[in-house]
Amino acid sequence: MPFDRTYEDVLDVLILGAGLSGIGCAAYLSRELPAKTWRILEMRDDLGGTWDLFRYPGIRSDSDLHTFSYDFKPWMSDNSIADGPEIKAYIAETAADYGIQDRIHFGRKVVSCDWSSDEGLWTIKTEATDGSGTETWRARWIFSATGYYDYAQGYRPDFPGEARFQGPIIHPQDWPEDLDHSGKTIAVIGSGATAVTLLPSLAADAAHVVQIQRTPTYVVPVPKQDPLAKFLRPFLPKKWRHAILRRKNIIRQHIFFTLCQRYPKMMRGFIRKANAKRLPEDYAVDRHFNPPYDPWDQRLCAVPDGDLFRCLRDGRCSIVTGQIQTFDETGVEMADGTRVDADIIVTATGLTLKLMGGVEYRVDAKPVDWADHIVFKGMMLDGIPNFVMAMGYTNSSWTLKVGLICQYFCRLLSEMDRQGMGVCVPLRPDKDMELRPLLDFKAGYVQRSVDTLPRQGDEFPWQMTFDYDEDKKMMRKGRVVEPELRLSPLPQPQTMDDQS
């Protein structure tokens, strides 16, 4: 018989999601505020988030792990660009280090989160993913670490004639465990990080792999193993090595991004030269590696040790650029008449955004429409009390920003305790403010959903910021309570005299 359980104890923090951000928040709370009570609710049956969900061949980070890892836990692997299982093992090790695993409740799909100003707390309702029952939780704060895309399905446009194709059509987010692609001809539709990861990985066993892209993207070769890490290993303890490598890569990311923003023509030429150097002499670089936008208008694709270029050189992979006319029984027909035969078609066509995991939020019984709110310090939203969302960088490692958010969150909780306050809500200023999209990013998955996202303003603290060193000063050392934050004590419970 299905159960319906209510937890009467009020938690200090309820963390939604046991991925890199959620486990990171739990670790920071354990380190900085050990007296705080918290739990993690996770929809899946294991931790890891993205790194548990995606199982396609070659799944890996597109950021170096010295910056993608936590600042308090050195990345010890030889691989600076790491695969999914290696990253998931690192997250699990962090959970073990801080006793987090026992405080994760797996298989819980959060259905609704309701804030009551009368009680000064959130009521969170969940459903067991195995259908065994429901639960009700109560917490002072919610830390939403659900990511920003739909775990249930990726983005998959309809292609003309696809019903005619006689082989499997697979989205990487739903990769079948039993798929045998050895000796097969595979067409991968897409030009982003997933596509450039799949090509060399599939080519190891396939007869041939063809990438079909409507427009090219910027592809940058990076070393899989950091030469400086190898050099420092015999001389320095791991914490020092981690700090040096992290600082070096933060500076490198910042310089590269800044150069792309200020000198796009120069950086386009630099990237083209790096591509041409690794491709056959007569390769059509300007057709297949010449995007119609400037560098970092969309996220760049990193390929460790140039593996994509290597498989293009030896003929195991190829690229076709143009519009798809139709699928047919045995492959894809392009608009220009080019024929792509395939036994398997992979639609690496991107993600579907789903903010806050698609959970229904209400504040004092009023439904929350995320598009009506503006972001405060990249982590809270005006008018929504005691709520933090994990939103990382798009121009460098996601976790750099999330780590700063967690540290500021701990400082805020500590300051509120010092002042005897229990409720915190950002208040939008009375003056007019120019509102902008939350993510000023031209990737397709962002543009398709930009109207459903919160907005950002045109000045501090209502802007999304993307400079790690400036953010570090603000989050770690800057003022904890800005004038735009309203703090108030927890409401006092009513007595019988009050009610009469």
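Visitor: What volume does the second largest pocket have?
Guide: Keep in mind that this is a predicted model. Rolling a probe the size of a water molecule over the atoms shows where empty space is left. For the second largest pocket, that space comes to a volume of about 640 Å³.

Visitor: Which residues lie nearest the centre of the second largest pocket?
Guide: The lining has 29 residues to pick from. Strand S10 (219-222), helix H7 (238-262), helix H8 (264-278) and strand S11 (301-304) each give two or more of them. Nearest the centre you'll find Val220, Pro221, Val222, Arg252 and Ala302.

Visitor: How many residues in the lining of that second largest pocket are nonpolar?
Guide: Let's split the lining up by residue class. There are 7 polar residues and 7 charged ones. The nonpolar count is 15.

Visitor: Now for the open sheet of 3 strands: which strands stand at the edges?
Guide: The order is S13-S14-S15, and the pairing is antiparallel. An edge strand here has a single partner strand, so one side of it is left without a neighbour in the sheet. Going from one strand to the next, the twist averages 20 degrees. The edge strands are S13 (324-328) and S15 (339-341).

Visitor: Which residue in S14 stands opposite phenylalanine 327?
Guide: S13 and S14 form a hairpin, with 2 residues between them. S14 covers residues 331-334, and the two strands pair in the antiparallel sense over 4 bridges. Opposite phenylalanine 327 stands valine 332.

Notes
Residues are numbered from 1 along each chain as its sequence is written. This is a predicted model: local features need pLDDT of at least 70, side-chain atom pairs count only at pLDDT 80 or more; totals for chains, interfaces and linings use all residues. Side-chain values use heavy atoms; hydrogens and water are left out. On a 1 Å grid over the protein atoms alone, a cavity is a set of points where a 1.4 Å probe fits but cannot get out, and a pocket is an open set with protein on both sides within 12 Å along at least five of seven lines; lining residues have an atom within 4 Å of a point. Grid points are joined across faces, edges and corners, and a volume is the space filled by probe spheres set on the points. Ala, Val, Leu, Ile, Met, Phe, Trp, Tyr, Cys and Pro count as nonpolar, Asp, Glu, Lys and Arg as charged, and the others, Gly among them, as polar. Two strands pair if DSSP finds at least two bridges between them. Axes are lines fitted to C-alpha atoms, for helices over the stretch in contact, and angles run from 0 to 180 degrees between N-to-C directions.
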